[in-house]
Amino acid sequence: MKTTGKVTGIVSNLVTVQVDGPVAENELCYINLGGTDLLAEVIKVNGDKASVQVFESTRGLRGGDSVEFLGKMLEATLGPGLLSSVYDGLQNDLTTMTGVFLKRGEYTDPLDHEKLWDFTPIAQPGDKVIAADWLGEVKEGWLPHKIMVPFSFKGTYTVKSVAPAGQYNIDATIATLVNEDGEDVAVTMTQRWPVKVAIKGYKEKPRPQKIMETGVRVIDTFNPIAEGGTGFIPGPFGCGKTVLQHAIAKQGEADVIVMAACGERANEVVEIFTEFPELIDPHTGRHLMERTTIICNTSNMPVAAREASVYTAMTICEYYRAMGLRCLLLADSTSRWAQALREMSNRMEELPGADAFPVDLSSIISNFYSRAGMVILNNGQTGAVTFIGTVSPAGGNLKEPVTESTKKAARCFYALEQNRADQKRYPAVNPIDSYSKYLEYPEIAAYLDEKIEKGWVEKVTRAKTMVLRGKEMADQINILGDDGVPMSYHETFWKSELIDFAFLQQDGFDPVDSLCPIERQRYMLDLILEICDRKFEFENYEQCSAYFKRLINTLRQMNYNKWGSDDFEKYRTQLNEILAENGN
Amino acid sequence: MATKAFQKIYTKLDAITKATVSLRAAGVSNDELATVEGRLAQVVKTKGDLVTLQVFAGTEGIPTNAEVSFHGEPPTLKVSEQLSGRFFNAYGKPIDGGPEVEGEERQVGGPSVNPYKRRQPSELIPTGIAGIDLNNTLVSGQKIPFFADPDQPYNQVMADVALRADVDKIVLGGMGLSNDDYLFFRHAFESAGALDKIVSFVNTTEEPPVERLLIPDMALAAAEYFAVDKNEKVLVLLTDMTLYADALSIVSNRMDQIPSKDSMPGSLYSDLAKIYEKAVQLPDGGSITIIAVTTLNDGDITHAIPDNTGYITEGQLFLRADSDTGKVIVDPFRSLSRLKQLVQGKKTREDHSQVMNAGVRLYADAQNAKTKLENGFDLSDYDLRCLDYAKDYAVELLSIDVNITIDEMLDTAWRLFAKHFKPEETGIKQALIDKYWKK
């Protein structure tokens with residue numbers, strides 16, 4: 001029999017329920033408000049009192065209103081049709097909702113039950129299978145979408161039958177398995193999984209070994225993120241966090257992209273709806289929307305569902321990873337998620353940690369980041385979930401709990417800086433403070449030696465050091481004045497400016513420059529380092545700056561032109577001419 | 001509720017704080033209104049049969065045997081065309097001596113628009129102020145605050161913007177307005193002959209601060225009526241959101257909530273987002289644009305209120321006094337309109353974004369020259385020309401007393417470029433130089 005209860009206390013969306021039976025942590029319940037069911041989740045139990053967070057507005061709720069517990073946790077519905085969908089944080093399909101306004105208690109089905117999919121069997125009768133093993137596949141867009149033994153299945157099963165190739169909807173039985181007790185179990189194309197639990201169903205999770213290309217130079221070359229790696233982008237408002245994330249979403253070398261718009265502006269999501277269907281994936285030539293799922297819980301939507309949205313997004317990524325696909329999860333912004341946790345902890349009158357955030361914030365964040373990773377599946381194939389989150393630090397100050405906790409959990413750090421943004425040096429990623437721990441991984445260094453060139457990591461380190469030296473020189477020049485320092489200071493400074501302007505800065509709105517393949521990055525970095533290694537002769541600092549400005553301008557023109565095109569070669573020749581004038 | 005035949009009256013308060021009272025009552029619904037000793041209050045917390053009410057007018061003089069009755073529903077506003085031209089208080093009651101408004105009674109603070117049903121904002125809102133139209137163009141459906149120190153004339157600028165903007169309705173939400181500013185708005189609207197398209201909800205400094213919390217919801221409920229039901233373009237003015245946030249912190253403090261940064265409640269971001277995200281471009285042509293004021297403390301934008309606001313709104317307009325010219329200007333460096341690229345060059349002349357960038361870049365060069373000058377370094381000829389340009393640019397374009405069309409702004413900028421610089425110093429595309437350079 002199901003547990004039921006009565007509402008006994010309400011503070012905003014935190015509701016206390018007196019229960020008449022067993023309840024589980026994170027169990028869902030429906031609160032009946034005048035005939036409308038409001039979904040809520042248990043977050044604390046004390047005696048026969050359960051505290052639940054309601055995923056909707058609690059306006060009009062009364063003490064004594066009835067509650068029905070559902071005996072399950074918040075689950076995602078998984079199956080073909082997830083891609084190109086637009087969901088809210090609880091995986092309601094926003095496109096099939098009626099009316100302009102969101103209606104309380106309106107829950108829509110995440111997947112289309114009518115649509116027919118072209119099914120091809122993979123497993124054979126008699127095969128021994130376990131959870132997450134592949135039974136068959138359908139084509140979802142251009143991606144092979146594997147139909148798997150549901151993740152919740154325990155133990156070994158024997159395949160009794162698999163449906164022949166043909167068209168089926170997601171509810172059709174596509175395989176019958178026999179469990180260890182000899183009972184038949186039917187499998188359809190869809191399954192459910194609790195979002196707050198990581199999907200396992202793989203053999204092992206090794207250290208990442210490859211780089212995920214984004215086409216953004218300051219990331220790929222200077223601070224590369226690994227396939228299956230984690231990174232975060234903190235920055236004050238107006239520094240281009242969202243623009244950078246959108247660039248990564250458009251260009252990231254991944255099969256599946258899940259974007260979680262978590263507590264951010266609705267108009268930014270509208271921009272994705274408007275632009276993405278028009279855009280073409282540079283790696284496959286297909287529409288970007290075909291490989292993208294959007295989870296959208298904007299800042300004015302219920303706070304508790306905001307917290308759920310990042311988990312829903314991660315679960316969808318893990319589901320596609322189990323098919324041997326490379327997934328990229330982008331969450332904007334994880335600070336809003338942390339704030340949702342704070343609001344709830346505050347209402348529960350828990351003792352607060354720093355800045356009133358819950359004390360377990362750090363462990364919640366690192367737990368979530370740990371769900372990313374590259375995995376080796378049971379059949380030996382690999383899949384990956386790469387996760388990049390943005391952080392919106394209060395007052396732009398990185399010494400705040402969310403940034404600090406995330407720094408412990410994420411391996412790449414892309415520090416967006418107000419100062420660079422003010423100077424329109426985009427992407428405003430600070431080249432000195434930012435880092436990628438993956439550059440220290442021997443397996444990644446070996447991969448880069450192979451993929452790009454031998455000794456690549458040392459080369460990158462050398463470029464980074466030059467940028468740092470240039471910064472020190474700039475400080476000296478500012479203190480002592482242009483005439484107060486030796487000429488070599490100016491030269492060192494301008495060499496770092498050359499790296500900054502011609503390599504680190506990138507025009508995200510230019511069709512050519514916005515996407516820079518890794519081979520081209522290698523070419524440009526080699527060229528730039530070659531220039532930086534030269535010794536020049538200048539009579540005064542004005543001559544020095546004027547000369548470097550010409551070099552920078554020519555290199556930037558190269559960036560704007562197609563690699564190897566006539567115009568590109570023209571500027572390359574022009575560069576040689578300028579170089580011939582001075583130095584050796 | 002008027003239809004209730006029998007209304008239970010409670011007469012025993014358990015606890016009283018400066019902003020809240022608590023009592024034992026049954027069957028009370030969350031968010032519903034109540035009357036405590038004749039003052040309006042709202043349910044903010046129930047625990048068993050103990051109900052906590054936020055008393056908008058404050059609790060001064062409320063005795064423990066105060067009469068409390070519950071209304072059975074949250075705050076509402078009667079909406080109809082009759083709202084036009086009227087002034088109301090925070091409860092939606094007329095303060096202009098006119099009759100009560102007849103119309104459909106709607107709950108305020110209603111649900112959000114489904115993000116999938118929104119449209120991308122694309123209509124220009126011209127204001128005549130070059131610091132806005134040229135550098136930080138506004139778009140309908142946008143939400144943007146003025147960031148200004150309390151001594152800046154932000155209410156005047158906002159009134160100018162509202163009266164010049166090409167919109168169907170203007171809704172003013174005044175929170176903690178001084179009586180002088182309230183009369184200023186009233187006079188400005190009346191003398192512009194625009195009263196019939198304006199609806200005002202006003203809480204003045206003479207009235208209790210907690211009442212302010214109702215103002216944005218009231219103003220936006222009226223705005224939604226005109227934008228959703230009537231498909232009109234509505235501009236909502238909210239001043240001053242800093243005083244609104246202060247009222248939030250008063251209530252959360254009285255409810256013993258643990259404050260986060262700058263003694264603001266932990267929910268400040270969500271509370272502000274709920275208001276600002278009402279800005280929307282609707283599929284059927286109606287729109288709500290929000291222009292707000294967030295007063296700063298000595299230009300500090302890292303304080304929790306402007307900081308959270310900046311993360312929610314689509315840019316900010318930063319007002320400051322320019323010491324070189326004595327003018328109040330829209331600071332081109334710290335101001336930003338995130339939606340400007342949706343209209344620049346599309347709804348305005350092709351040279352718009354290039355002229356804007358060049359103008360600001362040269363102004364930045366002037367700032368560098370100024371720093372050099374202050375540090376005692378020698379100035380080059382270019383530096384000196386930049387400084388001259390900066391003065392003209394501030395007076396003719398950045399100053400808030402400018403009122404010209406966007407084409408005139410662009411022409412002015414070209415004239416200033418030609419007066420002070422060589423074409424190649426502007427960094428503008430050659431094709432545009434050939435077409436627009438003033439010889």
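**Figure 1. Where chain A meets chain B in this predicted model.** The contact draws on 49 residues of chain A and 45 residues of chain B. On the chain A side, three elements each put in at least two residues: β1 (4-11), α3 (266-275) and α5 (334-347). Helix α3(A) gives the largest share of that side, with 7 residues. Sorted by class, the side of chain A that touches chain B holds 20 nonpolar, 19 polar and 10 charged residues.

**Figure 2. A strand pairing that crosses from one chain to the other.** Here β1(A) lines up with strand β5 of chain B (residues 39-47). The two pair in the antiparallel sense, over 3 bridges. To find the spot, look for A:I10, which sits opposite B:T46 in β5(B). Strand β1(A) is also among the elements that supply at least two residues to the chain A side of the contact.

**Figure 3. The largest nonpolar core and its best-connected members.** This core counts 175 residues, and the members touching the most others are A:V258, A:A260, A:C327 and A:L329. Helix α4 of chain A (residues 303-321) brings in the largest share, 12 residues. Apart from this core lies another one of 138 residues, with B:A19, B:L33, B:Y225 and B:L317 among its members.

**Figure 4. Zooming in on A:A260.** What does A:A260 contact once its neighbours within four places in sequence are left aside? The list runs A:I295, A:S309, A:V310, A:A313, A:L329, A:L330 and A:A331. One of these, A:L329, is itself named with A:A260 among the core residues that touch the most other members.

**Figure 5. Two hairpins in a row near the start of chain A's numbering, β3(A) to β4(A) and β4(A) to β5(A).** Strand β3 (residues 27-33) and strand β4 (residues 36-46) of chain A pair in the antiparallel sense over 6 bridges. A:N32 faces A:D37 in β4(A) across this pairing. Between β3(A) and β4(A) there are 2 residues, and A:G34 in the turn has a positive phi of about 50°. Then comes the next hairpin: β4(A) is joined by 6 bridges to strand β5 of chain A (residues 49-54), again running antiparallel. A:E41 has A:Q53 in β5(A) as its bridge partner. This turn also has 2 residues between the strands, with A:G47 at a positive phi of about 60°.

**Figure 6. A:L288, a loop residue of chain A.** A:L288 lies in the loop between α3 and β20 (292-297) of chain A. Is A:L288 buried or exposed? It has 20 or more neighbours, the cut-off for buried: with 21 C-beta neighbours inside 10 Å, A:L288 counts as buried. Beyond its neighbours within four places in sequence, A:L288 is in contact with A:K250, A:F276, A:L279, A:I280 and A:D281. A:S84 is 204 residues away along the chain, yet its C-alpha atom is separated from that of A:L288 by 8.7 Å.

**Figure 7. B:A25, a loop residue of chain B.** B:A25 sits in the loop between β3 (20-24) and β4 (33-36) of chain B. With 20 C-beta neighbours inside 10 Å, B:A25 counts as buried. Setting aside neighbours within four places in sequence, its contacts are B:Y10, B:D49, B:V51 and B:F70. B:V360 is 335 residues along the chain from B:A25, and their C-alpha atoms are 62 Å apart.

**Figure 8. Helix α11 of chain A, residues 487-504.** How far should the 18 residues of α11(A) span? At 1.5 Å a residue the answer is 26 Å, and the end C-alpha atoms are 25 Å apart, which agrees. Of those 18 residues, 14 are buried, so α11(A) is largely enclosed by the rest of the structure.

**Figure 9. Stepping back to each chain.** Chain A has 14 helices and 25 strands. Its radius of gyration is 27 Å, close to the 25 Å that the globule rule gives for 584 residues, so chain A is as compact as a globular protein of that length. The C-alpha trace of chain A spans about 90 × 55 × 45 Å along its principal axes, and 52% of its residues count as buried. Chain B has 12 helices and 21 strands. For chain B the radius of gyration is 25 Å, close to the 22 Å from the globule rule for 439 residues, so chain B too is as compact as a globular protein of that length. Its C-alpha trace spans about 85 × 50 × 40 Å along the principal axes.

How values were computed
Residues numbered from 1 in each chain as written. Chains lettered and ligands numbered in written order. Predicted model: local features only at pLDDT ≥ 70, side-chain atom pairs only at ≥ 80, totals over all residues. Core = buried A, V, L, I, M, F, W, Y, C linked by C-beta atoms within 7 Å. Buried ≥ 20, exposed ≤ 12 C-beta atoms within 10 Å, placed from the backbone. Helix = DSSP H or I, 4+ residues; strand = E, 2+ residues; numbered from the N terminus. Contact = placed C-beta atoms within 7 Å. Nonpolar A, V, L, I, M, F, W, Y, C, P; charged D, E, K, R; others polar. Pairing = 2+ DSSP bridges. Expected span 1.5 Å × (residues − 1). Rg over C-alpha atoms; globule rule 2.2 N^0.38 Å.
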